[in-house]
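Please walk me through this protein fold, starting from its sheet and working outward to the helices, the loops and the cysteines.

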Amino acid sequence: MRIVLLGAPGAGKGTLAEQIRSKHATAHISTGDILRDNVRTGTPFGMQAKEYMDSGRLVPDHIIVAMMRERFGEKDCTAGFILDGFPRTVPQATALESMLSELKLSLDAVVLLDIDDETVVRRLSRRRVCRSCGAIYNLAFKPSAKGDRCELCDGELYQRDDDHESVIRNRLSVYHQQTKPLVSFYEEKGVLRRLPPEDGGTTLLESLEKMLGMVP
Ligand code: AMP
(Lines give C-alpha, C1' and ligand atoms only; values in the text may rest on other atoms or scores of the structure.)
Protein backbone atom coordinates (compact mmCIF):
# COMPACT_ATOMS: atom_id res chain seq x y z
CA MET A 1 0.00 0.00 0.00
CA ARG A 2 1.14 3.53 -0.76
CA ILE A 3 -0.71 6.01 1.38
CA VAL A 4 -0.46 9.73 2.11
CA LEU A 5 -1.78 10.85 5.49
CA LEU A 6 -3.10 14.39 5.29
CA GLY A 7 -4.20 16.50 8.22
CA ALA A 8 -3.33 19.35 10.54
CA PRO A 9 -0.38 19.04 12.92
CA GLY A 10 -1.62 17.05 15.90
CA ALA A 11 -4.33 15.22 13.95
CA GLY A 12 -2.71 11.91 14.87
CA LYS A 13 -0.88 11.16 11.60
CA GLY A 14 2.35 10.09 13.32
CA THR A 15 0.67 7.74 15.78
CA LEU A 16 -1.50 6.17 13.08
CA ALA A 17 1.44 5.79 10.70
CA GLU A 18 3.46 4.03 13.42
CA GLN A 19 0.57 1.61 14.03
CA ILE A 20 0.29 0.82 10.32
CA ARG A 21 4.05 0.36 10.05
CA SER A 22 4.28 -2.11 12.90
CA LYS A 23 1.20 -4.09 11.88
CA HIS A 24 1.52 -4.07 8.10
CA ALA A 25 5.31 -3.88 7.65
CA THR A 26 5.19 -0.72 5.56
CA ALA A 27 7.82 2.03 5.63
CA HIS A 28 6.73 5.06 7.68
CA ILE A 29 8.21 8.20 6.15
CA SER A 30 7.82 11.30 8.29
CA THR A 31 9.46 14.42 6.86
CA GLY A 32 9.26 16.00 10.34
CA ASP A 33 11.26 13.08 11.84
CA ILE A 34 13.81 13.14 9.00
CA LEU A 35 14.25 16.90 9.45
CA ARG A 36 14.62 16.62 13.24
CA ASP A 37 17.32 13.93 12.74
CA ASN A 38 19.11 16.25 10.31
CA VAL A 39 18.91 19.12 12.81
CA ARG A 40 20.22 16.90 15.64
CA THR A 41 23.17 15.68 13.62
CA GLY A 42 23.90 19.10 12.11
CA THR A 43 23.72 18.15 8.41
CA PRO A 44 23.43 20.90 5.76
CA PHE A 45 19.70 20.04 5.33
CA GLY A 46 19.25 20.38 9.11
CA MET A 47 21.09 23.67 9.32
CA GLN A 48 18.89 25.17 6.60
CA ALA A 49 15.69 23.76 8.09
CA LYS A 50 16.02 24.57 11.82
CA GLU A 51 15.00 28.20 11.73
CA TYR A 52 11.83 27.42 9.75
CA MET A 53 10.89 24.54 12.04
CA ASP A 54 11.38 26.46 15.27
CA SER A 55 9.00 29.17 14.11
CA GLY A 56 6.42 26.73 12.69
CA ARG A 57 6.95 27.78 9.07
CA LEU A 58 7.35 25.31 6.23
CA VAL A 59 10.84 24.38 5.11
CA PRO A 60 11.27 25.45 1.45
CA ASP A 61 9.95 22.97 -1.10
CA HIS A 62 13.28 22.39 -2.86
CA ILE A 63 14.89 21.12 0.38
CA ILE A 64 11.98 18.81 1.16
CA VAL A 65 11.78 17.45 -2.37
CA ALA A 66 15.55 16.74 -2.47
CA MET A 67 15.27 14.96 0.88
CA MET A 68 12.33 12.84 -0.28
CA ARG A 69 14.02 11.95 -3.54
CA GLU A 70 16.86 10.51 -1.46
CA ARG A 71 14.43 8.71 0.87
CA PHE A 72 12.48 7.04 -1.97
CA GLY A 73 15.78 5.57 -3.14
CA GLU A 74 16.05 3.45 0.02
CA LYS A 75 15.21 -0.25 -0.18
CA ASP A 76 12.44 -0.37 2.43
CA CYS A 77 10.17 1.76 0.20
CA THR A 78 9.66 -0.94 -2.41
CA ALA A 79 7.09 -2.84 -0.31
CA GLY A 80 4.96 0.30 0.16
CA PHE A 81 4.99 3.37 2.37
CA ILE A 82 2.97 5.76 4.47
CA LEU A 83 3.83 9.40 3.96
CA ASP A 84 3.31 11.42 7.12
CA GLY A 85 3.73 15.18 6.72
CA PHE A 86 4.55 15.12 3.00
CA PRO A 87 3.35 16.59 0.72
CA ARG A 88 2.40 19.83 2.48
CA THR A 89 2.10 22.19 -0.48
CA VAL A 90 0.75 21.87 -4.01
CA PRO A 91 4.29 22.11 -5.53
CA GLN A 92 5.38 19.24 -3.23
CA ALA A 93 2.36 17.18 -4.37
CA THR A 94 3.26 17.80 -7.99
CA ALA A 95 6.88 16.81 -7.31
CA LEU A 96 5.64 13.65 -5.58
CA GLU A 97 3.63 12.74 -8.68
CA SER A 98 6.68 13.03 -10.89
CA MET A 99 8.96 11.12 -8.48
CA LEU A 100 6.41 8.30 -8.29
CA SER A 101 5.87 8.21 -12.01
CA GLU A 102 9.66 7.93 -12.53
CA LEU A 103 9.53 4.94 -10.18
CA LYS A 104 6.44 3.63 -12.04
CA LEU A 105 4.39 3.78 -8.85
CA SER A 106 1.11 5.40 -7.91
CA LEU A 107 -0.71 6.27 -4.69
CA ASP A 108 -3.43 3.95 -3.41
CA ALA A 109 -5.07 6.59 -1.23
CA VAL A 110 -4.73 10.00 0.35
CA VAL A 111 -6.36 9.80 3.77
CA LEU A 112 -7.59 12.97 5.44
CA LEU A 113 -7.67 13.10 9.25
CA ASP A 114 -9.97 15.98 10.13
CA ILE A 115 -9.67 17.77 13.46
CA ASP A 116 -10.65 21.22 14.75
CA ASP A 117 -8.03 23.81 15.68
CA GLU A 118 -8.80 24.05 19.40
CA THR A 119 -8.45 20.27 19.81
CA VAL A 120 -5.05 20.54 18.09
CA VAL A 121 -3.88 23.26 20.49
CA ARG A 122 -5.05 21.29 23.53
CA ARG A 123 -3.46 18.10 22.27
CA LEU A 124 -0.12 19.40 21.04
CA SER A 125 0.66 21.70 23.93
CA ARG A 126 0.51 18.61 26.18
CA ARG A 127 2.49 16.33 23.88
CA ARG A 128 5.80 14.95 25.11
CA VAL A 129 8.28 12.96 23.01
CA CYS A 130 11.06 10.59 24.03
CA ARG A 131 14.46 11.99 23.14
CA SER A 132 15.88 8.50 22.59
CA CYS A 133 13.25 6.39 20.79
CA GLY A 134 10.70 9.01 19.62
CA ALA A 135 7.75 7.44 21.50
CA ILE A 136 4.86 9.91 21.85
CA TYR A 137 3.02 10.62 25.12
CA ASN A 138 0.40 13.14 26.20
CA LEU A 139 0.16 14.65 29.66
CA ALA A 140 -3.66 14.66 29.40
CA PHE A 141 -4.63 11.31 27.93
CA LYS A 142 -1.49 9.18 27.56
CA PRO A 143 0.98 10.06 30.32
CA SER A 144 4.06 7.93 30.82
CA ALA A 145 3.79 5.65 33.84
CA LYS A 146 7.39 6.70 34.56
CA GLY A 147 6.65 10.45 34.79
CA ASP A 148 9.19 12.38 32.72
CA ARG A 149 10.99 9.22 31.49
CA CYS A 150 9.96 6.95 28.60
CA GLU A 151 8.12 3.75 29.53
CA LEU A 152 9.82 1.88 26.71
CA CYS A 153 13.47 2.91 26.94
CA ASP A 154 13.73 5.17 30.01
CA GLY A 155 14.80 8.07 27.75
CA GLU A 156 14.09 11.67 28.71
CA LEU A 157 10.69 13.07 27.65
CA TYR A 158 10.72 16.59 26.25
CA GLN A 159 8.42 19.16 24.69
CA ARG A 160 9.27 19.98 21.07
CA ASP A 161 10.14 23.65 20.53
CA ASP A 162 7.31 23.87 18.02
CA ASP A 163 4.73 22.45 20.47
CA HIS A 164 4.45 25.72 22.43
CA GLU A 165 1.05 27.40 21.95
CA SER A 166 2.13 30.43 19.89
CA VAL A 167 4.05 28.19 17.48
CA ILE A 168 1.16 25.71 17.30
CA ARG A 169 -1.18 28.53 16.25
CA ASN A 170 1.30 29.56 13.59
CA ARG A 171 1.58 25.97 12.32
CA LEU A 172 -2.23 25.80 12.11
CA SER A 173 -2.44 28.95 10.05
CA VAL A 174 0.31 27.61 7.75
CA TYR A 175 -1.73 24.38 7.45
CA HIS A 176 -4.90 26.23 6.45
CA GLN A 177 -3.11 28.43 3.93
CA GLN A 178 -0.61 26.05 2.34
CA THR A 179 -1.65 22.44 3.02
CA LYS A 180 -5.47 22.54 3.01
CA PRO A 181 -5.52 23.21 -0.78
CA LEU A 182 -4.26 19.62 -1.15
CA VAL A 183 -7.71 18.38 -0.09
CA SER A 184 -9.28 19.64 -3.32
CA PHE A 185 -6.11 18.76 -5.29
CA TYR A 186 -6.52 15.09 -4.34
CA GLU A 187 -10.34 15.18 -4.38
CA GLU A 188 -10.18 16.17 -8.04
CA LYS A 189 -7.90 13.20 -8.71
CA GLY A 190 -10.43 10.88 -7.02
CA VAL A 191 -7.99 9.48 -4.42
CA LEU A 192 -9.06 11.42 -1.30
CA ARG A 193 -10.64 9.38 1.52
CA ARG A 194 -11.94 11.00 4.72
CA LEU A 195 -11.24 9.02 7.86
CA PRO A 196 -14.07 9.27 10.40
CA PRO A 197 -12.93 10.61 13.78
CA GLU A 198 -12.16 8.08 16.48
CA ASP A 199 -15.20 7.06 18.50
CA GLY A 200 -15.49 4.96 21.64
CA GLY A 201 -15.63 1.64 19.79
CA THR A 202 -13.40 2.02 16.72
CA THR A 203 -9.80 3.18 16.57
CA LEU A 204 -8.41 5.20 13.67
CA LEU A 205 -6.37 2.15 12.63
CA GLU A 206 -9.46 -0.08 12.51
CA SER A 207 -11.40 2.51 10.47
CA LEU A 208 -8.49 2.88 8.05
CA GLU A 209 -8.08 -0.88 7.60
CA LYS A 210 -11.80 -1.20 6.88
CA MET A 211 -11.91 1.81 4.56
CA LEU A 212 -8.96 0.64 2.45
CA GLY A 213 -9.71 -3.07 2.67
CA MET A 214 -6.42 -3.84 4.44
CA VAL A 215 -6.42 -7.28 6.05
CA PRO A 216 -6.11 -6.59 9.81
P1 AMP B 1 5.85 17.63 11.76
O2 AMP B 1 6.63 16.78 12.71
O3 AMP B 1 5.32 16.86 10.58
O4 AMP B 1 4.76 18.44 12.44
O5 AMP B 1 6.90 18.69 11.14
C6 AMP B 1 7.59 19.59 11.95
C7 AMP B 1 8.09 20.77 11.13
O8 AMP B 1 8.97 20.30 10.10
C9 AMP B 1 7.01 21.55 10.38
O10 AMP B 1 6.38 22.52 11.19
C11 AMP B 1 7.82 22.17 9.25
O12 AMP B 1 8.60 23.27 9.71
C13 AMP B 1 8.80 21.05 8.90
N14 AMP B 1 8.25 20.14 7.87
C15 AMP B 1 7.91 18.82 8.01
N16 AMP B 1 7.46 18.32 6.86
C17 AMP B 1 7.50 19.35 5.96
C18 AMP B 1 7.15 19.47 4.59
N19 AMP B 1 6.63 18.43 3.89
N20 AMP B 1 7.33 20.67 3.99
C21 AMP B 1 7.85 21.72 4.65
N22 AMP B 1 8.18 21.68 5.95
C23 AMP B 1 8.01 20.50 6.60
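**From the sheet outward**

Leucine 5 has aspartate 84 as its bridge partner in strand 3. The model is a predicted one. Arginine 2 is paired too, and its bridge partner in strand 3 is phenylalanine 81. Both pairs belong to the contact between two strands. Strand 1 covers residues 2-7, and it pairs with strand 3 in the parallel sense over 4 bridges.

Strand 3 also pairs with strand 2. Strand 3 covers residues 81-84, and 4 bridges join it to strand 2, with the two running parallel. Here histidine 28 stands opposite isoleucine 82 of strand 3.

Now look at the side chains of these two strands. In strand 2, residues 27-30, Ala27 and Ile29 point one way, while His28 and Ser30 point the other way. All of them are buried. Strand 3 alternates as well. Phe81 and Leu83 point one way, Ile82 and Asp84 point the other way, and all are buried. The cut-off for buried is under 20% relative accessible area.

Step back to the whole sheet. It is an open sheet of 5 strands in the order 2-3-1-4-8, with parallel pairing. Which strands stand at the edges? They are strand 2 and strand 8 (192-195). Each has a single partner strand, so one side of each is left without a neighbour in the sheet. On average, neighbouring strands of this sheet are turned by 25° against each other, direction ignored.

Helices pack on this sheet. Helix 1, residues 13-24, touches strand 1, strand 2, strand 3, strand 4 (109-113) and strand 8. The direction of helix 1 makes about 170° with that of strand 3. Helix 9, residues 204-212, lies across strand 1, strand 4 and strand 8. Helix 9 runs at about 145° to strand 8.

**Helix against helix**

Two packed helices are described by the angle between their axes and the distance between the axes. Take helix 2 (residues 31-41) and helix 4 (residues 61-72). Their axes come within 11 Å and cross at roughly 100°. Helix 2 is therefore roughly perpendicular to helix 4. Helix 2 brings Thr31, Ile34 and Leu35 to the contact. Helix 4 brings Ile64, Met67, Met68 and Arg71. By class, this contact of helix 2 with helix 4 has 5 nonpolar, 1 polar and 1 charged residues.

The next pair is helix 5 (residues 90-102) and helix 8 (residues 181-188). They pack at an angle of about 35°, and their axes are 9 Å apart. From helix 5 come Val90, Ala93, Thr94, Leu96 and Glu97. They meet Pro181, Leu182, Phe185 and Tyr186 of helix 8. By class, the contact of helix 5 with helix 8 has 7 nonpolar, 1 polar and 1 charged residues.

Phenylalanine 45 sits in helix 3, residues 44-55. Leaving aside residues up to four places away in sequence, phenylalanine 45 touches Asn38, Ile63, Ala66, Met67 and Glu70. Phenylalanine 45 and alanine 66 are 21 residues apart in sequence, yet 9.4 Å apart in space, C-alpha to C-alpha.

**Backbone details in the loops**

The loop between strand 3 and helix 5 holds proline 87. The peptide bond from phenylalanine 86 to proline 87 is cis, with omega near 0°.

Where is alanine 25 found? It is in the loop between helix 1 and strand 2. Phi of alanine 25 is near 50°, a positive value in a residue other than glycine. Alanine 25 is exposed, with a relative accessible area of 63%.

Aspartate 154 also has a positive phi, near 65°, and is a residue other than glycine. Aspartate 154 lies in the loop between strand 6 (136-138) and strand 7 (157-158). Aspartate 154 is partly exposed, at 38% relative accessible area.

**The cysteines**

How many disulfides does a search of the whole structure find? It finds 0. A disulfide is a covalent bond between the sulfur atoms of two cysteines. The cut-off for the sulfur pair is within 2.5 Å. The closest cysteine sulfur to that of cysteine 130 is in cysteine 153, at 3.5 Å, which is too far for a bond. Cysteine 130 counts as buried, at 3% relative accessibility. Cysteine 77 is buried as well, with a relative accessible area of 5%.

Terms used: Residues are numbered from 1 along each chain as its sequence is written. This is a predicted model: local features need pLDDT of at least 70, side-chain atom pairs count only at pLDDT 80 or more; totals for chains, interfaces and linings use all residues. Side-chain values use heavy atoms; hydrogens and water are left out. Buried means under 20% relative accessible area, exposed over 50%, partly exposed in between (1.4 Å probe, protein chains only). Two strands pair if DSSP finds at least two bridges between them. Axes are lines fitted to C-alpha atoms, for helices over the stretch in contact, and angles run from 0 to 180 degrees between N-to-C directions. Angles under 35 degrees count as roughly parallel, over 145 as roughly antiparallel, 65 to 115 as roughly perpendicular and the rest as oblique. Contact means heavy atoms within 4.5 Å. Ala, Val, Leu, Ile, Met, Phe, Trp, Tyr, Cys and Pro count as nonpolar, Asp, Glu, Lys and Arg as charged, and the others, Gly among them, as polar.
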